[in-house]
Amino acid sequence: MKKILVSALAAAMAMASSAAITYNIRGNEFVADTLFHAMIGPSTTCTQLLMRGDAGRQMYVRYSITDLTNPMVTFSAVMGQDKYAGGERISDMSRRKSRPGAQYFLGVNGDFFRTSGQSGRGESIVGAPIGPCIADGLIYHGNNHVGNWIDFTLDVNKRPRFGDASFGGTVTANGQTVAMGQVNSEYACNEVELFTSTFISSTNQRGTCAEVQAVLAEGEQFAIAKPFKLVVTSAPSGEGDMDIPADGFVIRGQGPTLDFVNGLKPGDEVTFDIRVYMSGQEVNPFTMISSVPKILGEGQVLETEYIMGQFSTAQPLTVMGYSQDLTKIIMVQIDGRSPISSGARTTEGADLLRQLGAWEGLNFDSGGSSTMYSQALGTLNEPSDGTERSDANGFFAISTAPDDSTIASIAFVDWVAKVPKYGVYRPKFFGYNQYGLLIDTDLQGVKVSCPEKVGHMTDSATFYGDGSGDGLLTATYGAITATVPVQILGEGEGLNIVNDSIITDTYRRYPVAVENTHDGVTRPVNPAALSWSSSDESVVEIDAATGVLRGVKNGEALIYAALGEFADTMKVVVERPTAHVMPMDPGLDVSTWKMSQTGGKNIVATAVGDGFDYTYTGSTGRNPKILFTKTLRLWSLPDAIQIRLNPGEAPVKNVVLGLRPCGDKINYQTLEPDTLVAGKDLVLTLPTAAWIDADDMGNYPITLSTIQVNMDASTTGKQYTIHFQGFELVYDAIPAQKPGDINADGEVNVSDVTALINKILGTATYADKVCDINADGAVNVSDVTALINMILGN
């Protein structure tokens with residue numbers, strides 16, 4: 001048993017160490033690091049590579065391999081919005097089409113499509129695919145012999161094939177049989193054409209012709225390679241461009257088939273026997289999708305870049321192929337037009353496809369359309385447009401298994417765990433049902449164990465890499481287990497304290513953030529691995545063994561960390577809040593605020609308490625708003641920002657705060673009132689945790705740059721006053737003060753009388769609103785009398 005375990009470990013570590021693979025792409029060597037590898041659906045794996053080549057060139061590549069021998073998986077094209085034109089994002093196709101027993105779990109973009117144009121009626125045909133497309137047993141676009149376009153079919157037996165598709169068969173009515181031609185084609189032909197309700201609103205064809213409307217006969221359904229019947233519902237028309245009924249068809253004839261269609265009358269039954277051929281051989285396609293050029297044939301890269309000239313340069317790329325034994329479908333997506341990913345030429349995509357096991361391959365529409373989407377993981381690539389583009393159609397792997405939400409197997413999200421020495425690793429887990437479909441991307445309740453050689457567990461799910469060498473982490477979920485190779489990297493050479501300086505208060509206990517970087521891998525480090533000290537423990541205390549610090553009083557101190565030859569320092573600034581709510585701008589001076597307004601004039605601002613009254617006269621202006629500008633460094637670690645106002649009759653809509661976390665760009669946060677009533681006080685609150693990681697000390701201090709009050713139009717010439725009663729910060733560590741608790745010690749007693757007298761004498765700076773006991777708007781001796789009466793119970 002021990003020998004078997006050792007062999008398993010050796011195999012796992014060999015796989016992990018081979019994360020870097022060399023590919024020779026068209027004579028150029030690329031070293032590929034595996035960034036991600038996991039099963040995402042029945043017999044389907046997905047892998048992400050970072051491929052680095054000569055002269056600094058690199059490509060981010062994603063590929064999937066699906067085993068068609070699994071009876072619970074198949075592939076199909078999807079037309080955007082199930083219509084001939086219009087298009088749809090690949091992610092939306094997946095969401096719309098997935099249903100019990102048919103989960104569209106992985107998809108890529110498909111054919112090239114029209115980017116301009118309209119029908120004779122002015123109806124847009126943007127998003128219509130160039131080549132044929134069959135999905136869900138329906139022919140969405142069945143046009144014959146489109147230039148260099150190559151068609152892919154997967155027949156009802158899941159046999160893949162490339163070729164030149166053509167549509168034919170027979171049409172029979174009134175004892176006469178004629179040739180069947182195209183379906184939903186924008187180009188006329190001399191055979192009978194059929195138009196379905198998935199086309200645009202009309203046939204969009206003129207000329208000498210005959211057209212009739214029809215519906216399916218009772219009990220019939222549209223089919224390929226199986227006759228079905230339609231019933232004619234209109235008399236023939238020679239005008240062309242006939243309306244297509246929402247639940248029906250149009251039958252069209254011209255040339256040799258003109259008399260056949262002209263001979264139809266309402267009530268006639270017409271039998272269609274539609275046949276599909278690939279390079280002259282009949283097939284029974286489950287699905288069909290087309291594109292250009294074919295890039296791989298019989299395992300050889302094809303020199304077909306000339307067909308689509310833009311692919312003679314590196315571009316974002318989507319390619320697809322199948323294996324020589326016809327059992328594997330391989331899809332590849334390569335990012336491009338990016339500083340970090342060059343894209344690829346079609347010949348390069350073909351060569352990679354070949355090395356991944358493909359025998360035949362086809363290029364799909366690429367550029368800004370290039371997309372790979374996972375139902376469980378979202379859009380896997382970075383589209384070059386900056387956002388996902390609508391495409392004519394997509395090509396999807398589909399799980400046909402019954403819906404099942406029970407976890408039957410698990411896997412580490414990371415396919416190898418690389419942990420720099422002293423690093424902390426908290427793995428995430430995928431959960432799969434019995435059919436291999438990824439149904440949980442962050443499975444909770446998994447317990448992890450490790451060999452003592454590499455480290456130990458600080459809790460049931462957190463690994464601490466204080467050992468050395470290689471090993472296996474074992475995850476357990478009920479009776480289900482999974483393993484992942486773990487490698488301890490280096491001896492702590494890349495240790496450093498994350499922040500050069502932080503701000504803290506006197507309430508929070510903060511484990512100092514430390515990290516270790518080795519060979520490009522960075523992990524957080526357990527601060528208990530280091531020894532700690534403070535330059536001034538009267539300002540900042542730190543546990544020498546755990547690295548947990550606490551502010552003692554306002555001031556600054558240095559924190560020292562050491563481990564062997566490693567040493568680092570961090571500056572700590574302690575700022576102690578003194579009340580649950582404190583003014584954002586103590587001693588507010590309106591002259592230090594820049595104020596402007598559109599939709600108002602004659603601005604007057606008067607300081608009142610922690611805020612000011614803002615008076616203006618209504619005027620015309622686009623996008624009416626008030627803008628206050630002042631750079632305010634917010635004190636300490638506020639848990640929320642609070643604005644109190646009374647809008648009076650001013651048409652206030654919302655307030656937008658311009659906030660900057662430490663060292664970051666400005667972040668605009670909108671505060672929307674639940675209700676807004678003229679003349680009623682309003683409190684708008686923005687919790688810090690709602691817009692940044694409030695536990696990350698690197699986000700502090702926070703700076704406020706602007707306060708924008710968005711408004712509806714004010715009445716021209718009318719005077720308005722908005723009472724901004726307070727621009728404030730909230731600190732949850734300090735309970736809200738009781739009435740009369742001037743010194744905020746949680747009690748109301750004689751010490752508060754002393755504090756109030758000191759406030760009146762100018763020797764203390766407690767907030768006016770706390771000291772104004774009788775609420776008359778002034779702080780004076782009458783408040784001392786009111787406070788004494790409060791203490792005496794009077």
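C209 counts as buried, with 5% relative accessibility; here buried means under 20% relative accessible area, exposed means over 50%, and partly exposed lies in between (1.4 Å probe, protein chains only). Welcome to this structure, which is a predicted model: local features need pLDDT of at least 70, side-chain atom pairs count only at pLDDT 80 or more, and totals for chains, interfaces and linings use all residues. Residues are numbered from 1 along each chain as its sequence is written, and side-chain values use heavy atoms, with hydrogens and water left out.

**Cysteines**

C209 takes part in no disulfide, and the nearest cysteine sulfur, belonging to C189, is 12 Å away. A disulfide is a pair of cysteine sulfur atoms within 2.5 Å, and a search of the whole structure turns up zero of them. C46 is another buried cysteine, at 2% relative accessibility.

**Two pockets**

Next come the pockets. They are found on a 1 Å grid over the protein atoms alone: a pocket is an open set of points with protein on both sides within 12 Å along at least five of seven lines, and lining residues have an atom within 4 Å of a point. Grid points are joined across faces, edges and corners, and a volume is the space filled by probe spheres set on the points.

The largest pocket holds about 820 Å³ of space. Its lining has 39 residues, and P583, D610, Y766, A767 and D768 are the closest to its centre. Two or more lining residues come from each of β50 (581-583), β53 (611-618), β60 (719-730) and α6 (768-771). Such helices (H or I, at least four residues) and strands (E, at least two) are DSSP runs, numbered from the N terminus. By class, this lining divides into 21 nonpolar, nine polar and nine charged residues. In this scheme Ala, Val, Leu, Ile, Met, Phe, Trp, Tyr, Cys and Pro count as nonpolar, Asp, Glu, Lys and Arg as charged, and the others, Gly among them, as polar.

The second largest pocket has about 380 Å³ of space. Among its 16 lining residues, T34, L35, V416, K418 and V521 are the closest to the centre. At least two lining residues each come from β2 (28-41), β3 (44-52), β39 (480-489) and β44 (521-525), and β2 gives the most, with three. The classes here are seven nonpolar, three polar and six charged.

**Two open sheets**

Now for the strands, where two of them pair if DSSP finds at least two bridges between them. One open sheet has three strands in the order β42-β47-β46, with antiparallel pairing. β42 (509-511) and β46 (540-542) are at the edges with a single partner strand each, so one side of each has no neighbour in the sheet. From one strand to the next, the twist averages 25 degrees; axes are lines fitted to C-alpha atoms, for helices over the stretch in contact, and angles run from 0 to 180 degrees between N-to-C directions. Three bridges link β42 to β47 (residues 548-551), and Y510 stands opposite L549 in β47.

Another open sheet of three strands runs in the order β30-β33-β34, also with antiparallel pairing. Its edge strands, β30 (409-412) and β34 (438-440), each pair on one side only. Neighbouring strands in this sheet are turned by 40 degrees against each other on average, direction ignored. β30 is joined to β33 (residues 429-432) by four bridges, and I410 stands opposite G431 in β33.

**An enclosed helix**

Helix α4 (residues 346-355) is largely enclosed by the rest of the structure, because eight of its 10 residues are buried. The buried residues are T346, T347, E348, G349, A350, D351, L352 and L353. Just after α4, G357 has a positive phi of about 115 degrees.

**Backbone details**

The table lists two cis peptide bonds.

| Peptide bond | Omega | Place of the proline |
|---|---|---|
| V292 to P293, cis | near -5 degrees | P293, loop between β20 (285-291) and β21 (294-297) |
| Y700 to P701, cis | near 5 degrees | P701, loop between β58 (682-687) and β59 (703-711) |

Positive phi values also turn up at residues other than glycine. S43 has a phi near 50 degrees; S43 sits in the loop between β2 and β3 and is partly exposed, with a relative accessible area of 31%. N602 has a positive phi of about 55 degrees. This residue belongs to strand β52 (residues 600-608), and N602 is exposed at 54% relative accessibility.

Note on methods: 1 Å grid on protein atoms, 1.4 Å probe; cavity = no way out; pocket = protein on both sides within 12 Å on 5 of 7 lines; lining within 4 Å.
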